[in-house]
Amino acid sequence: MIAESFMRRRHFLRASGALLATVLLVGCASPQYLQLNPTRSANVPQTGSGQQVTVVAVDARPSEVIGTRTGGNMSTAQITVSSHELIPQLQAEAERAARDMGFTPTREVAQGRPSLTLELASLDYGRGDSGQPLIDEARIEGVFRAIAQNQGTTYTGTYTSRRTQGYALKPGEDANTRMLNDLLSDGLNRAFNDPELGRLLAR
């Protein structure tokens with residue numbers, strides 16, 4: 001009787017352990033759909049005097065999937081940043097930057113009117129190698145391009161931001177959202193702090 005009770009308990013513990021391991025595995029490999037709202041915090045050079053400038057934000061990424069939580073190719077661990085949700089935020093930030101530069105932003109295109117295009121060229125989430133036991137790394141990189149056009153002249157600036165974050169437990173949606181917002185906010189600061197953009201638009 002005692003042996004039978006022991007065997008039942010052992011079987012229960014083994015089954016519970018397997019179930020827990022499965023839950024943890026599924027939790028670590030679950031996909032993430034991140035809603036980002038990066039904002040510029042740096043000052044911008046003031047060069048305009050109220051001129052209208054066509055301002056457009058576009059997504060030039062090859063895919064909305066920016067990487068996986070595991071660093072492998074598991075589709076269930078994919079991290080996705082939707083263009084439909086991110087581009088309106090970037091559009092608003094580009095218009096705010098143009099306004100702070102002294103221009104009057106508009107979304108309408110007109111012949112002869114200066115234009116400013118903010119392009120999200122890439123956004124990548126990868127796994128690094130921390131070199132420390134039990135510690136993993138997330139390596140993220142974002143690239144913006146800002147394209148100013150005026151009177152037949154074009155200026156293109158490329159601005160790259162990188163971050164490396166160590167962790168013992170894989171970051172959840174909130175942590176990854178914060179990391180990527182910080183990354184893209186840094187990219188916006190770099191882009192709109194470029195004095196060449198305003199100089200060309202103000203010609």
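Biologist: How many salt bridges does a search of the whole structure find?
Modeller: Welcome! This is a predicted model, where local features need pLDDT of at least 70, side-chain atom pairs count only at pLDDT 80 or more, and totals for chains, interfaces and linings use all residues. Residues are numbered from 1 along each chain as its sequence is written, and side-chain values use heavy atoms, leaving out hydrogens and water. A salt bridge here is a side-chain nitrogen of Lys or Arg within 4 Å of a carboxyl oxygen of Asp or Glu. Searching the whole structure with that rule gives 10.

Biologist: Is Arg-61, which meets Asp-59 in a salt bridge, buried or exposed?
Modeller: The side chains of Arg-61 and Asp-59 come to 2.9 Å, N to O. Buried means under 20% relative accessible area, exposed over 50%, and partly exposed in between (1.4 Å probe, protein chains only). Asp-59, at 24%, is partly exposed. Arg-61 has a relative accessible area of 9%, so Arg-61 is buried.

Biologist: Which residue forms a salt bridge with Glu-93?
Modeller: Look in helix α2, where both partners lie 3 residues apart, about one turn of the helix. Helices (H or I, at least four residues) and strands (E, at least two) are DSSP runs, numbered from the N terminus. Glu-93 is buried at 6% relative accessibility, and the closest N and O atoms of the pair are 2.7 Å apart. The partner is Arg-96.

Biologist: What is the distance that helix α2 reaches from its first C-alpha to its last?
Modeller: Helix α2 covers residues 83-101, which is 19 residues. The expected span is 1.5 Å times one less than the number of residues, and for α2 that is 27 Å. The model comes close to this, at 26 Å.

Biologist: Which residue caps the N-terminal end of α2?
Modeller: The clue is a side-chain oxygen lying 3.2 Å from the backbone nitrogen of His-84. That fits a polar contact, a pair of N or O atoms within 3.5 Å; within protein, one must be able to donate a hydrogen and the other to accept it, and residues adjacent in sequence count only if both atoms are side-chain atoms. The capping residue is Ser-82.

Biologist: Which strands do Glu-119 and Arg-145 lie in?
Modeller: The side chains of Glu-119 and Arg-145 meet in a salt bridge at 2.5 Å, N to O. This pair ties together parts that are 26 residues apart in sequence, so follow the chain from one strand to another: Glu-119 is in β6 (residues 115-128), and Arg-145 is in β7.

Biologist: How many bridges join strand β7 to strand β8?
Modeller: Two strands pair if DSSP finds at least two bridges between them. Ile-147 has Thr-156 in β8 as its bridge partner. Strand β7 (residues 136-150) and strand β8 (residues 153-167) run antiparallel, and the number of bridges joining them is 15.

Biologist: Which residue has its backbone oxygen 2.7 Å from a polar atom of the side chain of Thr-54?
Modeller: Thr-54 sits in strand β2 (residues 52-59) and is buried, at 4% relative accessibility. Not counting residues up to four places away in sequence, Thr-54 touches several residues, including Arg-107 and Val-109; contact means heavy atoms within 4.5 Å. The backbone oxygen in question belongs to Glu-108.
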